[in-house]
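Me: I would like to go through this structure by question and answer, one point at a time.

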Amino acid sequence: MIKIPAPLLREIYDHTEASYPNECCGLLIGTIDKDKNHTVHTFRKCKNLNQERARDRYDMDPLDMLRAEREFENSPWDIIGIYHSHPDHPSRASQTDTDRAWPDYSYVIVSVQKGVVASAQSWVLNDTEKRFYEEPLLTEGESK
Amino acid sequence: MSTVTVKIPTPLRPITAGQTEVKIEGNTVGEILRKLDSQYKGFGERVLDDGKSVKRFINVFINEDNIRDKKDLDTEVKNGDTLSILPSIAGGN
């Protein structure tokens with residue numbers, strides 16, 4: 001399960017809509033409890049280094065990730081997941097997403113249709129099966 | 001020998017018994033990572049290609065520098081350096 005406060009999710013949506021028709025990406029910062037429930041407290045926008053296929057691919061700038069790691073190293077918060085957009089595609093995890101996924105991170109995918117957010121889903125990798133499973137995305141106590 | 005702080009990312013923490021950072025002694029990045037492998041079973045498998053290079057989808061930084069821009073595993077470390085292991089994040093529809 002991943003919990004994202006509604007105002008933060010709206011800011012993430014704003015990022016995905018402003019980046020349309022290109023894909024955007026960012027880091028979810030927060031905490032993971034003993035049951036592996038993720039709670040997002042803030043996020044950081046990251047650069048998509050993929051210029052050639054920015055409409056359907058993203059490559060997160062590793063320097064953005066390094067900066068986030070350093071920024072939160074002495075805090076109780078940590079990098080707990082990734083968000084990215086799927087312009088004019090569903091918010092389902094693709095094979096490309098699966099191939100490059102890491103366990104224990106939440107992967108929030110936002111579908112942006114004609115410039116407007118249409119849906120969002122969160123996915124976690126089963127590392128043994130190399131397959132994504134959807135996890136409940138909760139915002140202000142409601143599943144989405 | 002220099003003592004280096006190695007930052008462990010969330011996906012590799014099950015291997016390091018949940019530790020977020022580990023202090024290791026060594027002279028080069030390769031030495032540090034191989035020591036981590038001998039200390040934590042399965043670490044090398046996730047980070048190294050046959051112990052000779054860093055896996056393609058992993059980035060290793062020594063302080064602010066990507067070791068691919070330096071001497072890769074032969075990059076020398078100094079006392080007090082921070083070594084960050086970061087998963088390479090990518091995907092798309």
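**Chain sizes and folds**

Me: What radius of gyration does chain B have, set against a compact globule of 93 residues?

Reply: The radius of gyration is taken over C-alpha atoms, and the globule rule is 2.2 Å times the number of residues to the power 0.38. For 93 residues a compact globule would come near 12 Å. Chain B agrees with this, because its own value is 12 Å.

Me: What kind of model is this, and how are its parts numbered?

Reply: Residues are numbered from 1 along each chain as its sequence is written, chains are lettered from A and ligands numbered from 1 in the order in which they are written, and side-chain values use heavy atoms, with hydrogens and water left out. Local features need pLDDT of at least 70, side-chain atom pairs count only at pLDDT 80 or more, and totals for chains, interfaces and linings use all residues, since this is a model that is predicted.

Me: In what pattern do the helices and strands of chain B follow one another?

Reply: Helices (H or I, at least four residues) and strands (E, at least two) are DSSP runs, numbered from the N terminus. Chain B has two helices and eight strands. Along the principal axes, its C-alpha atoms fill a box of roughly 45 × 30 × 25 Å. Read along the sequence, the pattern is β-β-α-α-β-β-β-β-β-β.

Me: What is the radius of gyration of chain A?

Reply: Chain A has three helices and 10 strands, in the pattern β-α-β-β-β-α-β-α-β-β-β-β-β. For 144 residues the globule rule gives 15 Å, so chain A is as compact as a globular protein of that length, at 14 Å.

**Sheets and loops**

Me: Which strands are at the edges of the open sheet in chain B?

Reply: Five strands of chain B form this open sheet in the order 2-1-7-5-6, with mixed pairing. Two strands pair if DSSP finds at least two bridges between them. Each edge strand pairs on one side only, and the two in chain B are strand 2 (21-26) and strand 6 (65-66).

Me: Which residue stands opposite B:V60?

Reply: Strand 5 and strand 7 of chain B run antiparallel and are joined by five bridges. In strand 7 of chain B, the residue opposite B:V60 is B:I85.

Me: Which residue has a positive phi in the hairpin of strand 7 and strand 8 of chain A?

Reply: Strand 7 (residues 116-126) and strand 8 (residues 131-135) of chain A pair in the antiparallel sense over five bridges. A:L125 stands opposite A:F132 in this pairing. The hairpin has four residues between the strands, and phi is near 55 degrees at A:K130.

Me: Where in chain A is A:P21?

Reply: A:Y20 and A:P21 are joined by a cis peptide bond with omega about 10 degrees. A:P21 is in the loop between helix 1 (6-19) and strand 2 (25-32) of chain A.

**The interface**

Me: How much area is buried between chain B and chain A?

Reply: Contact (heavy atoms within 4.5 Å) takes 23 residues from chain B and 32 residues from chain A. B:I89, B:A90 and B:N93 supply 31% of the area that chain B buries against chain A, more than any other three residues. Buried area is the accessible area (1.4 Å probe) that two parts lose on being put together, summed over both. Carbon and sulfur atoms give 54% of the total, which is about 2500 Å².

Me: Which residue of chain B forms a salt bridge with A:D78?

Reply: A salt bridge is a side-chain nitrogen of Lys or Arg within 4 Å of a carboxyl oxygen of Asp or Glu. Four of them are found across the interface of chain B and chain A. In one, the closest N and O atoms are 2.5 Å apart, and the partner of A:D78 is B:R13.

Me: Which residue is the bridge partner of A:Y58?

Reply: Strand 4 (residues 58-59) of chain A pairs with strand 8 of chain B, antiparallel, over two bridges. In strand 8 of chain B, the partner of A:Y58 is B:G91.
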